[in-house]
Each structure stands twice: as structure tokens, then as C-alpha cells.
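Student: I have a structure open in front of me, and I would like to learn how to read it. Could you take me through it feature by feature?

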Amino acid sequence: GVMSDKKQLEAVKEYTELVLTPEFNHGPVWWRSYFKPAGYPGDFEIMNYVYDWQREGADVYGQLIHRIGLDVSECIATRMQVVRKVIGDVVRARANGSPVNILSLGCGSAREIQLHLADPEAPNASVVFTLIDQEENALGYAYDKAYPLTLSAKPQAKVRALNVSFTEVLRGGKWLEDLGPQDMIYSVGLIDYLVDKRARALAERLFERLAPGGLLIVGNMNETELSNLWPMEFITDWHLYYRTEPEMLAWTANMKGKRAWTETDSTGRVRLLFVRKEE
């Protein structure tokens, strides 16, 4: 209820950070979320905490608080598993001899690609994964984990990494055109940082880069009663835009020849927009 009142919002945030944040910061995932040592929230190390689900913390209390943070952040892992399944479906459906092109924008640690490449049941098809992120450390980590799997498990697959700044992502430009048409483009941890106008413009730009029959997936924190708004906004000062299905579907209004729908992950805290381009 305080979100629409700037003075109340600032007061509640200040009080929460004085009273609760120091207690929660004993848990490593909370500490990193609040202090943001990479210079921005949601870096790939936070993603890895959630994916790996390890016991972290200097003492039992720290480990307990860290575990609570992993529960709060579970939707990071569940949305990744949704994308991982779709990657497998796309590769199976579009592998016809020519390479399948898949682009991840704001790739982070790209765990879904690592899991796909390591999965013995996933097809060993010709596929090119393009990883894009503004953080060199994230790209380096993702590439170092994925590339060896293209040699040992999926020799027909290729992985390439592109360091593109956040500003360049919003502007689009030649770097995006040079990648060529993509069979799948996904971005599940970027657009919920953007105001609606920029989110819509980026979604439209990505849709344009799809090959006929290609699929765009955009993830955004879901506006729901049990969303992550309170712990993220008030305890860790991690600001995101929480959106509804109509708000996300509205981004597709100007997309020609599309079929659009949304789904939520198993926690209900992330909403995924799917946009299929006509053949």
C-alpha cells in the first residue's frame, strides 16, 4: 500500500534497512543482493547461489538466513527450467540439417544451456548458442562452463559470447542485425528492470530478429499477492517492475504475424511471455 506514496515508501524502506537488512545480511545471498558488489543487482553469482542450492554462511544462523533467501529466490531456478525445456523442444523441432540459432540476452551464467548440452537425452543437433551480457565475468563463466560440453557431449553445437553494454542492448543496432535471424530468442532477467516503454520497444526489436516460425520468450516478475516485491524492494533495495498478463501482452500489439500468450513458472512469481512468429 505504500508503493504509490513516495514519502511513505522512502520511510518504510529506510526503516526496513535499519532494522531487518542487517539481520538478513548474515546470509550470503542476502548480503550480495543488498551490497551488489558487481555494481548492479541480480548478478550471475546470485543466480548460481539459487541454482546450486548449497549450504552457505559463516554460522548456523547465517546458513538459515541464506536458506530462506534461496526459498525466496526459487523462481530464478524454476524459470530457468522452463527455458531449458523449451530449448530442447526448439532444437528437436527445427533441427533439419541447417543450424538452429538460439540467442540469450542477459545470459548471466547460462545454466539452462549447460544443462541442455550435458543432457544425454537432448539431441546432438547443429545449434549455435549466442550468449549476450554486459558483464565480462558472467560471459566468461558461462562460456567456460558451456564450451567444453560442445567438445565432449554435443560436438555439433557451438557457443559464442558477445559483450554488449546495457545501453547498446536498448539501442539495438548493427550488432543485433549481424547475428542474423534466430529460431529462439529469450531474455528472462532483464526486461523487469525497464520502464514499460523501453520494455515494449526491446520486445518488438527482438521479435523482428526471429526467423519465420521462431519463438521469443520474455520473463518478468509477476504481479501477484505472493510476489518477491517485499523482500527484494525493502530488504535488499532491489528494484524491479512487477507486471500482469495484460501488461505483457500489450507489448505485442504492433507485432505483425504473431501468436502470443503468457505462462507462469511453478512458483507463480515469474510470468513468461511467449511470442511465436508465423512461418
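Tutor: Gladly! Keep in mind that this is a predicted model. Let's begin with strand E1: six of its six residues are buried, so E1 is largely enclosed by the rest of the structure.

Student: Which residues of E1 point one way, and which the other way?

Tutor: Val-100, Ile-102 and Ser-104 point one way, while Asn-101, Leu-103 and Leu-105 point the other way. All of these residues are buried.

Student: How should I think about the partners of a strand?

Tutor: In general, strands of a sheet pair through backbone hydrogen bonds, either parallel or antiparallel. Here, E1 pairs with E2 in the parallel sense, over six bridges. As a landmark, find Leu-103, which stands opposite Thr-130 in E2.

Student: What is the order of the strands in the open sheet?

Tutor: The order is E3-E2-E1-E4-E5-E7-E6, seven strands with mixed pairing. At the edges are E3 (157-163) and E6 (258-264), each pairing on one side only. On average, neighbouring strands are turned by 15° against each other, direction ignored.

Student: Over how many bridges do E4 and E5 pair?

Tutor: Over five, again in the parallel sense. If you click on Ile-185, look for its bridge partner Leu-216 in E5.

Student: Which helix packs on the sheet and touches E5?

Tutor: Helix H11 (residues 196-208) does, touching E1, E4, E5, E6 and E7 (270-277). The direction of H11 makes about 155° with that of E5. Helix H7 lies across E1 (100-105), E2 (127-133), E3 and E4, and runs at about 160° to E2.

Student: Is H7 enclosed, and why?

Tutor: Six of the eight residues of H7 (residues 111-118) are buried, so this helix is largely enclosed by the rest of the structure. The buried ones are Arg-111, Glu-112, Ile-113, Gln-114, His-116 and Leu-117.

Student: How do I work out which residues of a helix share a side?

Tutor: An α-helix has 3.6 residues a turn, so residues three or four places apart point the same way. With that in mind, let's look at a pair of helices. H3 (residues 28-35) and H5 (residues 60-72) pack at an angle of about 65°, with their axes 7 Å apart. That angle makes H3 roughly perpendicular to H5.

Student: Which residues make the contact?

Tutor: From H3 come Pro-28, Val-29 and Trp-30. From H5 come Gly-62, Ile-65, His-66, Ile-68, Gly-69, Leu-70 and Val-72. The residues of this contact divide into seven nonpolar, three polar and no charged.

Student: Now a single residue, please. Is Asn-220 buried or exposed?

Tutor: Buried residues are those under 20% relative accessible area. Asn-220 has 1%, so it counts as buried. Asn-220 lies in E5 (residues 210-221).

Student: What lies around Asn-220?

Tutor: Leaving out residues up to four places away in sequence, Asn-220 touches Ile-191, Asp-192, Tyr-241, Tyr-242, Arg-243, Met-248, Trp-251, Val-270 and Arg-271. For Asp-192 there is a detail to check: its backbone nitrogen lies 3.5 Å from a polar atom of the Asn-220 side chain.

Student: And what is the relative accessible area of Gln-81?

Tutor: Gln-81 has 38% and is partly exposed. You will find Gln-81 in helix H6 (residues 74-94). To practise reading distances, try Gln-81 and Glu-279: they are 198 residues apart along the chain, and their C-alpha atoms are separated by 27 Å.

Terms used:
Residues are numbered from 1 along each chain as its sequence is written. This is a predicted model: local features need pLDDT of at least 70, side-chain atom pairs count only at pLDDT 80 or more; totals for chains, interfaces and linings use all residues. Side-chain values use heavy atoms; hydrogens and water are left out. Buried means under 20% relative accessible area, exposed over 50%, partly exposed in between (1.4 Å probe, protein chains only). Helices (H or I, at least four residues) and strands (E, at least two) are DSSP runs, numbered from the N terminus. A polar contact is a pair of N or O atoms within 3.5 Å; within protein, one must be able to donate a hydrogen and the other to accept it, and residues adjacent in sequence count only if both atoms are side-chain atoms. Contact means heavy atoms within 4.5 Å. Axes are lines fitted to C-alpha atoms, for helices over the stretch in contact, and angles run from 0 to 180 degrees between N-to-C directions. Angles under 35 degrees count as roughly parallel, over 145 as roughly antiparallel, 65 to 115 as roughly perpendicular and the rest as oblique. Ala, Val, Leu, Ile, Met, Phe, Trp, Tyr, Cys and Pro count as nonpolar, Asp, Glu, Lys and Arg as charged, and the others, Gly among them, as polar. Two strands pair if DSSP finds at least two bridges between them.
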